Amino acid sequence: KNARRTLALLVSSCQEIHHRLWRNIEPTILRSCDLVMYIGQVMKDVLKLPRPCSPPVVKLETRVDAEYGLPSTHAMAATAISFTLLLSAPSRIQFQFEMGLLMAVTLSTMVCLSRLYTGMHSVLDVVCGVLLAALLLFLTHPYWEAFDRFQLTSRMSPILALTLPLFLSYTYPELEHYSTTRGDTTTILGVGAGCSVGYWVNKQLGETFEPEGVLPVPLPTLTRSALASGTARFLVGVGALVGTRQIMKAVSLHLLFWWHKVPKYDQSARMRKEIEVPSKYATYTAVGLVHSIMVNRVFLLLGL
C-alpha cells in the first residue's frame, strides 16, 4: 500500500471518532501536515540523497526504492501531527499536559523507529526529519490563530486553497526517472485543499460543530455507548471516504484518458504528469470536501 496515501486518508478519517472535539483543531493539524510533507518531499528530490544500501540493510519495503531518503517524511509527519495536536488541544480540551507530551513523544518515536526497522531510512534521515518538523512548528506556531481566521473567514480562502496546492503539484521538481513522490505529494495537498474549502463553507453556513459548554471542555468519559458511537462514526467516515476515492479515481482517469487520447489499458500513462497530477488532485480534493462537509451532516442525521 501507498504509505502516504494511507496517511492522507487517515488524517481525514480517524478524526471521525469524536468530531465535535476535533473540529477547530483539525484545520491546524492538516495545515502542519501539508506544510511538512511538501517541504520534506521537495527536499528529498532536490538533495537526492539515497536511502540505506541493501545489503547490508534488509529492506522490508521495496515500492519506494526509486525515492530518495533525506529527510524522512514519515518522521516529519509524525512529529508535526503529534505536537500540533499537543499545542492546539489545551484551548479546546482539558487534559494533563505532561501526559499529552508523553503520548506525543511516544507516538512520534514509534514512527521514527519503524522507519529504521524497515530499512527505509538511516538515523540521519530520521533525525533530520524530526528537527526540520520541529523547526517548522516553531516558526509557524505564533501565526496559527491568524491562519485560522484567514482560512475560515476570508473570501480569498477557498480560491487560494484550491489554486496554490494545484500550482505546487504541477511545479513539483522533475526527476530523471519516475518516482511516486509527485503523486504522493499531490495526494496530501489535495486532501488539505478539499478540507480547507469545506471548513470555509461550514463557517459561512454557521455550522462549525462546536462542542457544548465553556472551552476547554473536559475529556468525555470512555463508556460503552461512547465507544460504540465512535466506532460507528469511524466506519461511516471511512466508508464515505473510500467510496468517494473509488468513484472520483475512476471518473477522473476515464476523462483524462479520453482527453489525452490514451488507451484505457495503458497503465504507464498514469505516470505522466498531465494525467497523474489532475487525477490525484481531483480525487483527494473530493475526499477532503466529503470529509469536511458531508460526513459531519451524516453523523447528525444518524444521531452519532
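Is E274 buried, partly exposed or exposed? In this predicted model, E274 comes out at 31% relative accessibility, so it counts as partly exposed. Its salt-bridge partner is R272, with the closest N and O atoms 2.8 Å apart. R272 lands in the partly exposed class too, at 32% relative accessibility.

That pair is part of a wider picture, as a search of the whole structure turns up six salt bridges. One of them joins the side chains of K48 and E176, at 3.1 Å from N to O. K48 sits in the loop between α3 (26-47) and α4 (73-88), while E176 sits in the loop between α8 and α9 (181-204), so this contact ties together parts that are 128 residues apart in sequence. As for solvent, K48 is partly exposed at 31% relative accessibility, and E176 is exposed, with a relative accessible area of 65%.

Another salt bridge pairs E276 with R182, and here the closest N and O atoms are 2.8 Å apart. E276 belongs to helix α11 (residues 273-302) and R182 to helix α9, so the pair links parts lying 94 residues apart in sequence. E276 is buried, with just 4% relative accessible area, and R182 is buried as well, at 11%. Both also turn up in a network of salt bridges with shared partners, alongside E174 and K273.

Turning to the nonpolar surface, F150, M156, I159, L160, L164 and F167 make up a patch of about 580 Å². Helix α8 (residues 157-170) is the top contributor, giving four residues. F150 comes from helix α7 (residues 144-153) and is partly exposed, at 37% relative accessibility.

How values were computed: Residues numbered from 1 in each chain as written. Predicted model: local features only at pLDDT ≥ 70, side-chain atom pairs only at ≥ 80, totals over all residues. Heavy atoms only, no water. Patch = residues over 30% accessible without salt bridge, like charges linked within 9 Å, V, L, I, M, F, W, Y side chains within 5 Å. Areas by Shrake-Rupley, 256 points an atom, 1.4 Å probe, with all protein chains shown as cover. Salt bridge = Lys/Arg side-chain N within 4 Å of Asp/Glu carboxyl O. Helix = DSSP H or I, 4+ residues; strand = E, 2+ residues; numbered from the N terminus. Buried < 20%, exposed > 50% of the residue type's maximum accessible area, 1.4 Å probe, protein only.
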